[in-house]
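Reader: I should be grateful for a close look at one part of this model. Please begin with the chain as a whole and then work towards the part that you consider in detail.

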Amino acid sequence: MTTAVSFDKISRHFGQVKAVDAVDLDIREGEFFAMLGPSGSGKTTCLRLIAGFERPTAGRLEIFGERAEDVPPYRRNVNTVFQDYALFPHLNVADNVAYGLMVKGVGNAERRREAEEALELVKLPGYGARRPGQLSGGQRQRVALARALVNRPKVLLLDEPLGALDLKLRESMQEELKALQRSLGITFVFVTHDQGEALSMADRVAVFDHGKIKQIGSPEEIYKTPNSRFVADFVGSSNVLPPDFVARHAGEKRWASLRPESVRLVEQAPGAIAATVISSAYMGGTTRLGLDVEGQRINAVLSAGEAIPADGSAVHIGFSRDDLHLMDETG
Amino acid sequence: MNGAASASGAILPARSGLLGNLSDTLWRKPTLLLLLMLAPPVLWLGIVYLGSLFALLLQSFFSIDEFSGLINRQFTLKTYGELLRPSNIDIIVRTVSMAALVTLAAAIVAFPIAYFAARYARGKWKALFYLGIMLPLWSSYLVKIYAWKLILAKEGILTWLLAKLHLTWLIDAWLSLPVVGGNSLSVSFTGTFIVFVYVWLPFMILPVQAALERVPQNLVEASSDLGATPAQTFRTVLFPLALPGIVAGSIFTFSLTLGDYIIPQIIGTSRLFIGQAVYAHQGTAGNIPLAAAFTAVPIVVMGFYLWGARRLGAFNAL
């Protein structure tokens, strides 16, 4: 399998700040790759390094096997969908979409045709004559997508593209982006701080923290077997259990993660753990319980139909030893 | 609850006094407030400013009796006929060409400075930029012009510097050219041009800088990302978005050059510009109608200029 983008010990420092710190990363051709992390974790800087807006302080960057550190953005076959879309306000939608073709010297008629095709691809046919200012946020985002795709990039970079959309629109765009990526076969690199978005859309996820990648893997690996407290904490709502607690209940003195849906309410029995209900939140399909277990906060998820204990009541919980995921960290 | 406590914690505390009543009334009647605020400037602008301008323009439809030198207060286009005499047309063409060249040069010089200030200057560098632009405006215009006269004079600093650089031949070659040349830079159109550009430059830099400041950096990145070279980005993104600023600046440089009479008088040839013609006709010659007709020229030229700029889409990005 071809490697689309390869980072070899890439660093990008801004003065004392190590925005990206000796990152190794291989993004495969045709995959939907998500860079996930809190703000300031270096994920956007990595995207900007691929686009060419930033140059690495150290390290080796290859795009489809070619050295790219010294290649300016306008000579990279990589296109970006910007967080706030960055549509040209003085051009109409068609001219925005055709911009990349225009600067490459494609003829006017050909440009119009391809721009309209790209607009159809993002379900905005016939919008060419409008101004960006006349469009809604969701429509602007589609125009930004069409403007990038019309250039047939080898890699498409998306910088928090769904961040500014409301929930309903975001969900439908997630599906659409995924379908688009499948049908076009273009490598998508997607930056987000929303773990749900990363898990639901990506083939592989890289979790960033403080300029470093903490873990790379499939969404399932990241979710089920986080390799560190940070990943367990950041990805999903897993319970992160300290070594002492794990030692008492599982015999090994290590940090562990336990997903809330693995925690069950049980009858009092040997091996059952006593807990006190602190809070319960009704989520529709499920109910989330906050429990106090030996001073440790543990979340549990009850499915619909289960009896919901009152706040402050004493209950017993249990979980399977297999569901407890032990991490390497011991301290 | 006792009475005192409820009084101090009243939900709708009464406001007493004249000022209190006044502000309450203005809050209830915002139109009244607007009227009060607008009346003085509207009166000033309408009567003192535009009114006197119209009174002046009205004079251009009077004529002067060539024998008695008295003004004949009957409406006629005779004065405008005089304006179209070849010697006066010369003055108009000379002034408008100078204004156009000064504007073009000011825009070219101002753009990089404005771009630097808008894009890169932060904190104390920005303060330094504003200081550098504004400082010349705080000193007297006449002092600056006489300083330039010394710089450009035959024995001046510039000639001395060029001599040290063994480039005297260059300035001699330039001064031997027709129209732009002359005995020295300080008595040539080139000198007039240089001083005009210097004096009006801040009026171009500031609006261009303001326009560029409003162009988000990511538009430049997006353009580059889509394959545009820096030159293409300048032509297709930066320039169109800065154009309203350039037009705003050019209104200043263009109209200020059209109306100025001091610079060409101190630095330049003996040939007249519109401002000097107005000065001469309303002063020594006492020909107010012709002076007024000359005054109409910059207004008409600016009108056409703005109309043309609008047609070219200069204000589309506003």
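Author: In chain A of this predicted model, 63% of the contacts between residues at least 6 apart in sequence join residues at least 24 apart. The chain has 331 residues, of which 41% count as buried. Its secondary structure comprises 10 helices and 18 strands, and its C-alpha trace spans about 80 × 45 × 35 Å along the principal axes.

Confidence in chain A can be stated alongside these values. The mean pLDDT is 91, and 100% of the residues reach 70 or more. Within the chain, the lowest confidence is found in helix H10 of chain A, residues 243-250, with a mean of 86. The highest is in helix H2 of chain A, residues 93-97, at 96. As a general caution, predicted coordinates should not be read in detail where pLDDT is low.

Chain A also meets chain B: 18 residues of chain A are in contact with 17 residues of chain B. On the chain B side, the elements giving two or more residues are helix H11 (217-225) and helix H12 (230-259) of chain B. Of these, H11(B) supplies six residues, the largest share of that side. Sorted by class, the side of chain B that touches chain A consists of nine nonpolar, six polar and two charged residues.

The part for close inspection lies within chain B, where helix H5 (residues 86-119) packs against helix H10 (residues 189-213) of chain B. Their axes are 6 Å apart and meet at an angle of about 45 degrees. Because this angle falls neither under 35 degrees nor between 65 and 115, H5(B) is oblique to H10(B). The crossing of H5(B) and H10(B) is right-handed. The residues of the contact of H5(B) with H10(B) comprise 23 nonpolar, two polar and one charged.

A single residue can be followed through this region. Ala118(B) belongs to helix H5 of chain B. Ala118(B) has 21 other C-beta atoms within 10 Å and is therefore buried, since the cut-off for that class is 20 or more. Leaving aside residues up to four places away in sequence, Ala118(B) touches Gln209(B), Leu212(B) and Glu213(B). With Glu213(B), the separation along the chain is 95 residues, whereas the C-alpha atoms of Ala118(B) and Glu213(B) are 4.9 Å apart.

Definitions and conventions:
Residues numbered from 1 in each chain as written. Chains lettered and ligands numbered in written order. Predicted model: local features only at pLDDT ≥ 70, side-chain atom pairs only at ≥ 80, totals over all residues. Axes fitted to C-alpha atoms, helices over the stretch in contact; angles between N-to-C directions. Helix = DSSP H or I, 4+ residues; strand = E, 2+ residues; numbered from the N terminus. Parallel < 35°, antiparallel > 145°, perpendicular 65-115°, else oblique. Left-handed = near helix turned anticlockwise from the far one by under 90°. Nonpolar A, V, L, I, M, F, W, Y, C, P; charged D, E, K, R; others polar. Buried ≥ 20, exposed ≤ 12 C-beta atoms within 10 Å, placed from the backbone. Contact = placed C-beta atoms within 7 Å. pLDDT = per-residue confidence, 0-100.
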